[in-house]
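Let's walk through this one together, starting with the overall layout and then moving on to the side chains. Keep the viewer open as you read.

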Amino acid sequence: TPGFTATVVITLALGVGVNAALFSVLDRIFFRAPVAVADPSSLRRVWVDHASIWGGRSLSTGVGYPTLLALREASDGQAGITMYTTDRMFRGRDQTPPGLQGARVTANFFSVLGVTPALGRFFLPDEDVMGRPVNVVVLSHDYWMRGFNGDPGVVGRRMDIGLLPF
């Protein structure tokens, strides 16, 4: 009957369409490197296998700084090893929304990715020493345009994130 046929065709079309859209999003998030990366095929993500106290296991990218240093030492300089963690941040001491999606990264993060800054500089190696924090921030191009109207004079200016000055 025409009604049944139309229902089946619409159901199949919606199923295929949703599947294709979902795959496209997941492919971009989990399987492809960011567009600006110099050599995307050389990037690898390390997942750590954690055993829980209840006998279960879980995979995560959560490695501590000592583990990062051990991985760097074990690679004998053959691989650029970097670490990042995403974080929700608030601009200003009042911590009012809208919050910013930020990331805490090691000093070599951008050099491993092979990207260059549009203005200013990225982090220096001596700004990546445990116990000696240096509050430096790198703005994304999008936030530079939204938060500072693309002002090139933003380099070197103070910006509060949460309770800390950067």
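**A tour of the chain**

The chain has 4 helices and 6 strands. Keep in mind that you're looking at a predicted model. Starting at the N terminus, the elements come in the order α-β-β-α-β-β-α-α-β-β. There are 166 residues, and 19% of them count as buried. As for the surface, the chain exposes about 12300 Å², with carbon and sulfur atoms supplying 63% of that. If you like contact-order style numbers, take the contacts between residues at least 6 apart in sequence: 36% of these join residues at least 24 apart.

Now for the inside. The largest nonpolar core is made up of 8 residues: Met-89, Leu-100, Tyr-143, Trp-144, Phe-148, Val-154, Met-159 and Ile-161. Which helix gives the most to this core? That's helix H4, spanning residues 141–148, which puts in 3 residues. Another core, this one of 7 residues, lies apart from it, and Val-37, Phe-109, Leu-113 and Phe-123 are among its members.

Back in the largest core, click on Ile-161. Leaving aside residues up to four places away in sequence, Ile-161 touches Met-89, Phe-90, Arg-91, Gly-92, Val-137 and Phe-166.

Next up, the aromatics. Searching the whole structure turns up 4 aromatic pairs. One to pull up is Phe-110 with Phe-122, a stacked pair with 4.0 Å from centre to centre and 10 degrees between the planes. This pair links distant parts of the chain, 12 residues apart: Phe-110 sits in helix H3, while Phe-122 is in the loop between H3 and H4. Are these two rings buried or exposed? The cut-off for buried is under 20% relative accessible area. Phe-110 comes in at 15% relative accessibility, so it counts as buried. Phe-122 is at 16%, so it counts as buried too. Zoom out a little and you'll see that Phe-109, Phe-110, Phe-122 and Phe-123 form one aromatic cluster. Two of those names, Phe-109 and Phe-123, should ring a bell from the 7-residue core.

For a polar stop, go to Asn-108, in the loop between strand S4 (100–105) and helix H3 (109–113). What does the side chain of Asn-108 pair up with? It makes a polar contact of 3.2 Å with the side chain of Thr-82. Not counting residues up to four places away in sequence, Asn-108 touches Arg-72, Ile-81 and Thr-82.

Conventions. Residues numbered from 1 in each chain as written. Predicted model: local features only at pLDDT ≥ 70, side-chain atom pairs only at ≥ 80, totals over all residues. Heavy atoms only, no water. Core = buried A, V, L, I, M, F, W, Y, C linked by side-chain atoms within 4.5 Å. Buried < 20%, exposed > 50% of the residue type's maximum accessible area, 1.4 Å probe, protein only. Helix = DSSP H or I, 4+ residues; strand = E, 2+ residues; numbered from the N terminus. Contact = heavy atoms within 4.5 Å. Polar contact = N/O pair within 3.5 Å; in protein donor to acceptor, adjacent residues only side chain to side chain. Phe/Tyr/Trp six-rings, centres within 6.5 Å; stacked < 30°, edge-to-face > 60°. Areas by Shrake-Rupley, 256 points an atom, 1.4 Å probe, with all protein chains shown as cover.
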